[in-house]
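Reader: I have a new model open in front of me and would like to learn how to read it. Could you walk me through a few features, giving the general idea and then the case here?

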Amino acid sequence: MNAMLKNNEDLPTIVAQAGPLNGQRWTLKESLVIGRDQTCDVMVSDRQVSRYHARFTITPDGTQLEDMGSKNGTHCNGHAISDPVILQDGDIIQIALAQQFIYLSSDATLPLDANLPEPADFLPQMRHLHLDKRSRRVWIKGKELLPPLSVSQFQLLEILYDSQGEVVTREALVQCVWSEEEAAGVTEQALDALVRRLRDRLAALDPTENYLVTVRGHGLRLENPLIK
């Protein structure tokens, strides 16, 4: 009995986050198809979702995610996938703009009675922007930023968020976002382009605030006002 329970807990799991299936979870044993058709293992009733949209498959290399020729795309950590990818623990999967999932390498990673954080849980912090590192989700004024940020955009926002309004030097930003080998070759233009893309993503959800403030000659800081 205990051995069987342990084996079940070792199985990969996907948990629905933002979207109509929020809070539901599925254990992956062989394969699992997500789509709008009633015959899918996970049905998402939204016109943005294709009849057969994406598939999770257990392989010898790990859990594979593939897009099944969907019209509106499948994203993993903010990147549209065209070829199958092997998932890592904590990866965020976005099905069109309709439904988001988090992938957990085993069900033991998340207790059965655990609840993933919702925007309302963050309101006591009284800040416009909230970032959740575990799920890599971002909210502004209680609304989630979708599709999720790319890995590099999230890393840039994370170091600024952790600095609590202090100026972070451009050198520190580069070291945080790029690997040690890559950092030596990163140009000023590459960092500026990344900052601009992140600004655009934040402004699309809240055009009233300038969250990323450039301090000339020093670096960048996050302006995260209190909720009034």
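Reader: Leaving aside its neighbours within four places in sequence, which residues is Leu202 in contact with?

Author: Start with the general idea: in soluble globular proteins, nonpolar side chains tend to be buried together. In this predicted model, Leu202 is in contact with Leu129, Ile140, Leu145, Tyr211 and Leu212, once its neighbours within four places in sequence are set aside.

Reader: Which residues touch the most other members of the largest nonpolar core?

Author: That core has 26 residues, and Leu202 is one of those touching the most other members, along with Leu129, Leu156, Leu157, Leu160 and Leu173. Two or more residues each come from strands S12 (129-132), S13 (137-140) and S17 (219-222), and from H3, helix H4 (170-177) and H6. H3 supplies the largest share, 6 residues. Another core lies apart from this one; it has 21 residues, including Trp26, Val44, Ile95 and Ala98.

Reader: Let's look at H3, then. How many residues does it have, and which of them are buried?

Author: A useful idea first: an α-helix has 3.6 residues a turn, so residues three or four places apart point the same way. Here, H3 covers residues 151-162, which is 12 residues, and its first and last C-alpha atoms are 16 Å apart, close to the 16 Å expected at 1.5 Å a residue. Buried in H3 are Gln153, Phe154, Leu156, Leu157, Ile159, Leu160 and Tyr161.

Reader: At what angle do H3 and H6 cross?

Author: Two packed helices are described by the angle between their axes and the distance between the axes. For H3 and H6 (residues 188-205), the axes come within 10 Å and cross at roughly 85 degrees. Angles from 65 to 115 degrees count as roughly perpendicular, so that is how H3 lies relative to H6. On the H3 side, the residues that meet H6 are Ser152, Gln153, Leu156 and Leu157; their partners in H6 are Leu194, Val195, Arg197, Leu198 and Arg201. Sorted by class, this contact has 5 nonpolar, 2 polar and 2 charged residues.

Reader: And which residues of H4 meet H6?

Author: The axes of H4 and H6 come within 11 Å, with a crossing angle of roughly 80 degrees, and these two helices are therefore roughly perpendicular as well. Arg170, Leu173, Val174 and Val177 of H4 meet Glu188, Leu191, Asp192 and Leu194 of H6. The contact of H4 with H6 divides into 5 nonpolar, no polar and 3 charged residues.

Reader: Now for the backbone. Which residues does a cis peptide bond join?

Author: The general picture is that most residues other than glycine have a negative phi, and most peptide bonds are trans. In this chain, Leu146 and Pro147 are joined by a cis peptide bond, with omega about -5 degrees. Pro147 sits in the loop between strand S14 (143-144) and H3. Just after H3, Gln164 has a positive phi of about 50 degrees.

Reader: What about Asn77: where is it found, and is it buried or exposed?

Author: Asn77 is in the loop between strand S7 (74-76) and strand S8 (79-80). Its phi is positive, near 55 degrees, although Asn77 is not a glycine. Buried means under 20% relative accessible area, so Asn77, at 11% relative accessibility, counts as buried.

Reader: To finish, how many helices and strands does the chain have?

Author: There are 6 helices and 17 strands. Of the chain's 228 residues, 45% count as buried. Among contacts between residues at least 6 apart in sequence, 48% join residues at least 24 apart.

Methods:
Residues are numbered from 1 along each chain as its sequence is written. This is a predicted model: local features need pLDDT of at least 70, side-chain atom pairs count only at pLDDT 80 or more; totals for chains, interfaces and linings use all residues. Side-chain values use heavy atoms; hydrogens and water are left out. Helices (H or I, at least four residues) and strands (E, at least two) are DSSP runs, numbered from the N terminus. The expected span of a helix is 1.5 Å times one less than its number of residues. Buried means under 20% relative accessible area, exposed over 50%, partly exposed in between (1.4 Å probe, protein chains only). Axes are lines fitted to C-alpha atoms, for helices over the stretch in contact, and angles run from 0 to 180 degrees between N-to-C directions. Angles under 35 degrees count as roughly parallel, over 145 as roughly antiparallel, 65 to 115 as roughly perpendicular and the rest as oblique. Contact means heavy atoms within 4.5 Å. Ala, Val, Leu, Ile, Met, Phe, Trp, Tyr, Cys and Pro count as nonpolar, Asp, Glu, Lys and Arg as charged, and the others, Gly among them, as polar. A nonpolar core is a set of buried Ala, Val, Leu, Ile, Met, Phe, Trp, Tyr and Cys residues joined through side-chain atoms within 4.5 Å.
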